[in-house]
Amino acid sequence: MPRNPNKVFASISPAEFFYRNRQMAGFGNPTQAVYSTVRELIENSLDSCEDARKRPEITVEIDESPSGVVTITVSDNGEGIPHAHVADSFGRVLYGSKYLSRQRRGTFGLGVTMAVLYGQITTETPVMIYTCTENEEAGRTYELLIDVEKNRPIIVSSNSVNRNKVGTSVRISMKGAVARAYDRVVDYLRLTSISTPHSYIELVRDGEQEFSIHPSCDTLPTPPALAKPHPHAADMELLRRLIKKRAQSSLQEFLQKSFQQVGRVTSSKIVEFLAMDPQREVGDFERSDINRLSTALQNFNGLGCPTIDSLSPIGEKPFMNAVLETYDAVDAGYAQKGPSEWGGHPFIVEGVIAIGGRLRKAKLPALFRFTNRVPLLYDASEDVMTKTLNEVDWSRYGLAKSREVGLFVHFCSTRVPYKAAGKQSVATEEKIESHLALLYKELGRCLRRMTKKKKKRAQRLKEAKGYSRQLSLIAELGAELSEEDEVPPVRSLVEQLFEVDLDV
């Protein structure tokens, strides 16, 4: 094949890549852009508040001008951002503090900078940031743009302000479609109040408060801790990075200090399995040695499950109370499966099944998906949670005809296998799928128990009303025979006897 001498080869920056492929990150059109911007800013605010061990107080303001420019402002009471990191955090794609082995809402360091980039290319307006930390006497404001070709921030202005409220406020202007995105934004905020039941969230649109959601739980969740990687997650790249940190260590010492679930006995078994010298320095390992070690660690049997200190499930009581309160449901059940691991990453699946109230009537439970406490509203059909739901025979659990049933499922892990950078659907992994199937079956049994309980309650109410009518007639007859003007009340007596509320 003849070679074209004029062909030009070049690399592009991460900012340039996502500028050209912004739909991959959830900014494909003006409707998605509004929703994704609110979502990304809220995720950062919630993480910041949890890092500061504060109950989140978050205000979302959406303003739309007649020209179609939408301004979204999200303010929080989190820990603030050190000034040295503000410019890169908002003006450099793939820059952040979340590349650690613990449960986090965001992981790519992409979302907020994509929102900034989208605002820049549609309105040429810089993002405006106010931030202040506990250690600073005064806050500071910034106006930033992104140099797309070089993937670096451009500081338009930076000023100290006479204000010391700790937290961060971010304002982004963009071309957006608020009318089409608004219902999604409201759904997202309401579902966020379920997955983060200790938070206060307020929505203001065009200067008017639309609603506020108060906490349904007083307790802050235990923060997820940093964790060493599990040996099953030891691919070539991870091993190279770990060896670089402990190049002088012997193989056995390296295994014990670099991985969780590996003590003296287990490390000896792994070394024996590898048939390597346990005293050999890992810094001397060739590529073939690292490959051999990686294969052995990923396939070694006899390791414990990853520790779950790095995870933060919602928990039975907060999860159920939040669902019951948000949807006015009449009853709910909870189940949890795990901990387990996929590819060396720990995970837990938990769920609440609820009936009645404002839940949609259907022959299958209405599915509400969450990953690492973040609601997922798009691409439901591609998600393993939906796929597994459709494989369950719900008629076995009393759902033979349409009923108001909601299924709220939360998957939490140090790494979520999202299908795309937009983080809207979870890929199918065998272990995750099998644990979801077990979770759904247990929740199905909860549904069956709730159905029986509801029928029993209805039958008891029917009997109580019949008894009440008969007792009322007897009371009226008795009053007439004794020539009493007032008929003695029987209602409270019947309610106590049958333990029901006759008004239901």
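In this predicted model, helices α12 and α13 (residues 491-498) pack against each other at an angle of about 150°, and their axes lie 10 Å apart. The crossing of the two is right-handed. On the α12 side the contact is made by R460, E463, A464, Y467, S468 and L471, which meet L493, V494, L497 and F498 of α13. Sorted by character, the residues of this contact come out as seven nonpolar, one polar and two charged. The spacing along α12 fits a simple picture: an α-helix has 3.6 residues a turn, so residues three or four places apart point the same way.

As for α12 itself, the helix covers residues 430-481, 52 residues in all, and runs 76 Å from its first C-alpha to its last, close to the 76 Å expected at 1.5 Å a residue. Just past the end of α12, E483 takes a positive phi of about 60°.

Helix α12 also takes part in a salt bridge, this time to a strand. K453 pairs with D331, with 3.5 Å between the closest N and O atoms. This one ties together distant parts of the chain, since K453 sits in α12 and D331 in strand β9 (residues 331-342), 122 residues apart. The two ends of the bridge sit in unlike surroundings: K453 is partly exposed, at 45% relative accessible area, whereas D331 has 14% and is buried, because it falls under the 20% cut-off.

In total, the structure holds 17 salt bridges, and a few others deserve a look. R280 and D289 form one with their closest N and O atoms 2.8 Å apart. Here R280 counts as partly exposed, with a relative accessibility of 29%, while D289, at 11%, counts as buried.

A local example turns up in helix α11 (residues 384-391), where K387 and E391 lie four residues apart, about one turn of the helix. Their side chains meet in a salt bridge at 3.5 Å, N to O. Solvent reaches both partners to some degree: K387 is partly exposed, with a relative accessible area of 34%, and E391 counts as exposed because its 52% is over the 50% cut-off.

Finally, some of the charged side chains do not stop at simple pairs. R39, E40, E43 and K423 are linked in a network of salt bridges.

Conventions:
Residues numbered from 1 in each chain as written. Predicted model: local features only at pLDDT ≥ 70, side-chain atom pairs only at ≥ 80, totals over all residues. Heavy atoms only, no water. Expected span 1.5 Å × (residues − 1). Axes fitted to C-alpha atoms, helices over the stretch in contact; angles between N-to-C directions. Left-handed = near helix turned anticlockwise from the far one by under 90°. Contact = heavy atoms within 4.5 Å. Nonpolar A, V, L, I, M, F, W, Y, C, P; charged D, E, K, R; others polar. Salt bridge = Lys/Arg side-chain N within 4 Å of Asp/Glu carboxyl O. Buried < 20%, exposed > 50% of the residue type's maximum accessible area, 1.4 Å probe, protein only.
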